[in-house]
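Biologist: I am new to this structure. Please take me closely through one part of it, step by step.

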Amino acid sequence: RSGSKFSGSVIIPAAKTAGRTIPSASPSENRVLLVVDVQNDFCPGGALAVPGGDELPTIINKLSRRFAHVILTQDWHPEDHLSFASSHPGAKPFTSVELSYGPQILWPDHCVQNEEGAEFHPKLKVEHCEMIIRKGYHRDIDSYSAFFENDRTTPTGLAGYLRERGLNRLFLTGLATDFCVAYSALDARRLGFEVTVIESACRGIDLDGSLEASWLQMEEAGVIRA
Ligand code: VGL
Ligand code: ZN
């Protein structure tokens with residue numbers, strides 16, 4: 001429009017967090033940091049504690065300042081979720097059962113909706129996080145991946161969000177390396193995204209060698225291990 005003092009582009013000042021400049025999101029910025037399940041129950045003292053999980057908030061806070069786009073995931077189960085051993089009379093945690101969609105490991109009750117265990121770790125501070133995607137809220141099906149529930153077909157909507165916004169280079173961090181991080185990374189590759197897993201910003205559960213097995217699978221699928 002003639003007479004406007006703006007000539008097409010608008011300069012938006014970069015947001016500031018803890019004295020460090022966060023890159024402002026230019027339309028060409030296609031990198032996104034995905035922070036998987038950094039919640040109380042996955043940290044020492046929690047119901048399904050991952051060793052070293054409480055080391056991640058500081059690491060991820062710092063890392064996040066290099067990303068204009070950050071998305072968090074939150075494991076978010078109803079109290080009678082079918083992935084809980086307590087929902088299967090006589091069953092013990094860390095054993096496996098056959099559900100309609102295949103084998104499912106049974107876990108201690110964890111990340112129950114609206115309880116403290118489901119909250120993000122109090123030291124995790126990513127003010128510019130643009131979306132929180134909850135998963136595992138359908139009683140009858142678990143969801144390790146941020147993209148699909150454990151039937152590997154019911155979508156969470158994350159792929160659509162990323163595609164619509166042109167965010168096609170994913171950097172994964174969080175808990176647990178060998179479950180929710182690995183499943184998310186593998187699905188993201190299957191969907192055609194570029195995927196880097198930042199090993200120093202992840203921690204694993206390692207059930208029966210699951211940590212090494214998940215790295216093998218990820219590397220075979222073309223995930224970049226950084
Ligand atoms: C997870 C087991 C059960 C994870 C979530 O975040 O890796 N693992 N629910
Ligand atoms: Zn869970």
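Modeller: Start with helix 3, residues 177-190. In this predicted model, helix 3 lies across strand 3, strand 8 and strand 9. Its direction is at about 170° to that of strand 9.

Now follow the chain around the helix. Strand 8, helix 3 and strand 9 build a β-α-β unit, and the unit is right-handed. Strand 8 covers residues 169-175, and strand 9 covers residues 194-203. These two strands run parallel, joined by six bridges. Phe 171 sits opposite Thr 196 of strand 9.

Thr 196 also looks to strand 10, where its bridge partner is Ile 224. Strand 10 spans residues 224-225 and runs parallel to strand 9, with two bridges between them. The chain gets from strand 9 to strand 10 by way of helix 4, residues 210-220. That β-α-β crossover is right-handed.

Go back to strand 8. Six bridges tie it to strand 3, residues 31-36, again in parallel. Here Leu 34 has Leu 172 of strand 8 as its bridge partner.

Step back to the whole sheet. It is open, with six strands in the order 7-4-3-8-9-10 and parallel pairing. Strand 7 (131-135) and strand 10 are the edges, each pairing on one side only.

Last comes the ligand. Residues around ligand 1 include Leu 175, Ala 176, Phe 179 and Cys 180. Leu 175 belongs to strand 8, while Phe 179 and Cys 180 fall within helix 3. Asp 37, Phe 42, Asp 75, Trp 107 and Tyr 144 also surround ligand 1. By class, this shell has seven nonpolar residues, two charged ones and no polar ones.

Definitions and conventions: Residues are numbered from 1 along each chain as its sequence is written. Chains are lettered from A and ligands numbered from 1 in the order in which they are written. This is a predicted model: local features need pLDDT of at least 70, side-chain atom pairs count only at pLDDT 80 or more; totals for chains, interfaces and linings use all residues. A residue is near a molecule or strand if its C-beta atom, placed from the backbone, lies within 6 Å of it. Ala, Val, Leu, Ile, Met, Phe, Trp, Tyr, Cys and Pro count as nonpolar, Asp, Glu, Lys and Arg as charged, and the others, Gly among them, as polar. Two strands pair if DSSP finds at least two bridges between them. Helices (H or I, at least four residues) and strands (E, at least two) are DSSP runs, numbered from the N terminus. A crossover is right-handed if, with the strands pointing away from the viewer, the path from the first strand over the helix to the second runs clockwise. Two residues are in contact if their C-beta atoms, placed from the backbone, lie within 7 Å. Axes are lines fitted to C-alpha atoms, for helices over the stretch in contact, and angles run from 0 to 180 degrees between N-to-C directions.
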